[in-house]
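This report covers the fold of one protein chain, starting with its sheet and ending with its core.

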Amino acid sequence: MKIKQKETNRMNIVKKWMSGKPSHCDICRQPFDSADKYFYDFKTSTGPWGLGCEECFKNNNGQLGVGHGQKYSLKTLEKIGK
Ligand SMILES: [Zn+2]
């Protein structure tokens with residue numbers, strides 16, 4: 001998806017989602033609300049990448065990491081973990 005980050009910067013810069021706060025999960029179409037703390041950018045089981053909620057992430061392999069998925073805070077849009 002649309003994310004601006006350089007591999008070379010990864011040691012120093014907090015990675016942040018740059019496309020604006022997502023309003024809903026691309027997979028199940030449910031809007032994110034205050035109960036949702038995180039959203040995920042991940043490779044779905046059918047191939048394409050999608051932006052989704054925790055439940056959909058878990059239903060689509062649920063792995064974090066390069067080539068799998070990334071986790072972001074809905075509040076700060078900062079990337080969580082690796
Ligand atoms: Zn979902």
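In this predicted model, four strands form an open sheet in the order β2-β1-β3-β4, and the pairing is antiparallel. The edge strands are β2 (49-52) and β4 (79-80), each of which pairs on one side only.

Strand β3 covers residues 69-73 and pairs with β4 in the antiparallel sense over two bridges. Within this part of the sheet, Tyr72 stands opposite Lys79 of β4.

The protein has one helix and four strands in total, and along the sequence these follow the pattern β-β-α-β-β. The residue ranges are as follows.

| Element | Residues |
|---|---|
| β1 | 38-43 |
| β2 | 49-52 |
| α1 | 54-59 |
| β3 | 69-73 |
| β4 | 79-80 |

The chain has 82 residues, and 18% of them count as buried. Among contacts with a separation of 6 or more, 44% are between residues 24 or more positions apart.

Which residues make up the largest nonpolar core? This core has ten residues: Trp17, Cys25, Phe39, Tyr40, Phe42, Leu51, Cys53, Cys56, Phe57 and Tyr72. At least two of these residues come from β1 and at least two from α1. The strand β1 gives the most to this core, with three residues. Tyr72, the residue opposite Lys79, is also one of the core residues. In soluble globular proteins, nonpolar side chains tend to be buried together.

Methods
Residues are numbered from 1 along each chain as its sequence is written. This is a predicted model: local features need pLDDT of at least 70, side-chain atom pairs count only at pLDDT 80 or more; totals for chains, interfaces and linings use all residues. A residue is buried if 20 or more other C-beta atoms lie within 10 Å of its own, exposed if 12 or fewer, and partly exposed in between; C-beta atoms are placed from the backbone. Two residues are in contact if their C-beta atoms, placed from the backbone, lie within 7 Å. Two strands pair if DSSP finds at least two bridges between them. A nonpolar core is a set of buried Ala, Val, Leu, Ile, Met, Phe, Trp, Tyr and Cys residues joined through C-beta atoms within 7 Å.
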